[in-house]
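Here are a few notes to go with the structure you asked me to look over. Have it open while you read.

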Amino acid sequence: MSNTLIQLDGKEPFAIGGTRRCYLHPSDQSRCIKVLREDRTPEKRRQVATGLKKLRSVRHWDDQDKEISAYRDLMKRHGSELWRHVPQFFGVVETDMGVGIVTQVFRNFDSTLPLNLDQQVPHGIDYPLKEAIGAFKSWLRKELVLTRDLLPHNIIAVREDINRCRLVIVDGLGNSEWIPISSWSKAIARRKIERKIAKFEGRIHLLTSEVDACGS
């Protein structure tokens with residue numbers, strides 16, 4: 001971790017997710033820094049937990065820690081396709097908003113920032129996007145990359161050119177299980193990934209259904 005404190009306060013994030021804010025790196029616009037939102041710290045998330053979930057350690061609620069661990073596990077693996085749908089990881093830095101995760105920033109062929117699937121699907125699923133969704137699901141099955149829920153707003157559609165698109169998961173990496181049995185067994189991991197894919201397909205279908213309903 002760098003000893004230099006990076007100042008992000010006062011800068012405009014280019015994306016805000018359910019847990020984090022994403023800022024372009026002040027010294028390298030090809031990288032971004034992800035920090036926790038002030039209302040989504042591990043301590044605050046644990047405070048509002050109910051039932052047995054309150055017994056989980058503070059670390060369990062730390063999405064930064066989970067993602068860093070997930071990246072470090074991925075870096076131990078090899079394969080030309082492993083990183084096709086995950087941003088490259090450049091380590092962690094200290095910021096005035098806490099620990100920041102530094103990753104690759106993707107841009108479309110026209111230099112614009114990609115839309116996530118929540119933003120893209122309402123414009124329609126064209127052939128490149130349909131192919132990209134299929135390739136993404138095949139990649140998950142082949143590489144057995146564990147994720148939390150495959151939420152459309154956590155997956156961007158990178159337009160590599162007019163005829164090519166690629167999905168990249170920019171948030172939600174890591175095993176969400178209290179006891180991470182899917183990390184220990186490939187058979188269990190496969191079953192879990194199939195369940196995640198089925199829910200992902202349902203969410204995409206719901207988005208397209210909502211669009212059709214609005215247009216009718």
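How much accessible surface does the protein chain have, and what share of that surface belongs to carbon and sulfur atoms?

1. Surface first. The accessible surface of the protein chain comes to about 12,000 Å², and carbon and sulfur atoms make up 52% of that area. Keep in mind as you go that this is a predicted model.

2. Now the overall build. The protein chain holds 5 helices and 8 strands. If you walk along the sequence, the order is β-β-β-α-α-β-β-β-α-α-β-β-α, so you start in strands and finish in a helix, going by the DSSP runs.

3. On dimensions, the C-alpha trace spans about 50 × 40 × 40 Å along its principal axes. The radius of gyration is 18 Å, which agrees with the value near 17 Å that a compact globule of 216 residues would have.

4. What about the inside? Of the 216 residues, 43% count as buried. As for the contacts between residues with a separation of 6 or more, 61% of them join residues that sit 24 or more positions apart in the sequence.

5. Next, have a look at the largest pocket. Its volume is about 750 Å³, and 29 residues line it. If you want to find the middle, go to D73, L146, G174, N175 and S183, which lie nearest the centre of this pocket.

6. Which helices each supply at least two residues of that lining? They are α2 (63-75), α4 (127-143) and α5 (186-215). The largest share comes from α2, with 6 residues.

7. The lining of the largest pocket is a chemical mix. Its residues divide into 11 charged, 10 nonpolar and 8 polar.

8. One residue to click on is R77, found in the loop between α2 and β4 (89-95). Is R77 buried, partly exposed or exposed? R77 counts as partly exposed because its relative accessibility is 33%, and that class lies between the cut-offs of 20% and 50%.

9. Staying with R77, its contacts, leaving aside neighbours within four places in sequence, are L82, E143, L144 and V145. E143 belongs to the stretch 127-143, which is α4. For a sense of distance, pick T208 as well: R77 and T208 are 131 residues apart in sequence, and their C-alpha atoms are 36 Å apart in space.

Technical notes:
Residues numbered from 1 in each chain as written. Predicted model: local features only at pLDDT ≥ 70, side-chain atom pairs only at ≥ 80, totals over all residues. Heavy atoms only, no water. 1 Å grid on protein atoms, 1.4 Å probe; cavity = no way out; pocket = protein on both sides within 12 Å on 5 of 7 lines; lining within 4 Å. Points joined across faces, edges and corners; volume = space filled by probe spheres on them. Helix = DSSP H or I, 4+ residues; strand = E, 2+ residues; numbered from the N terminus. Nonpolar A, V, L, I, M, F, W, Y, C, P; charged D, E, K, R; others polar. Rg over C-alpha atoms; globule rule 2.2 N^0.38 Å. Buried < 20%, exposed > 50% of the residue type's maximum accessible area, 1.4 Å probe, protein only. Contact = heavy atoms within 4.5 Å. Areas by Shrake-Rupley, 256 points an atom, 1.4 Å probe, with all protein chains shown as cover.
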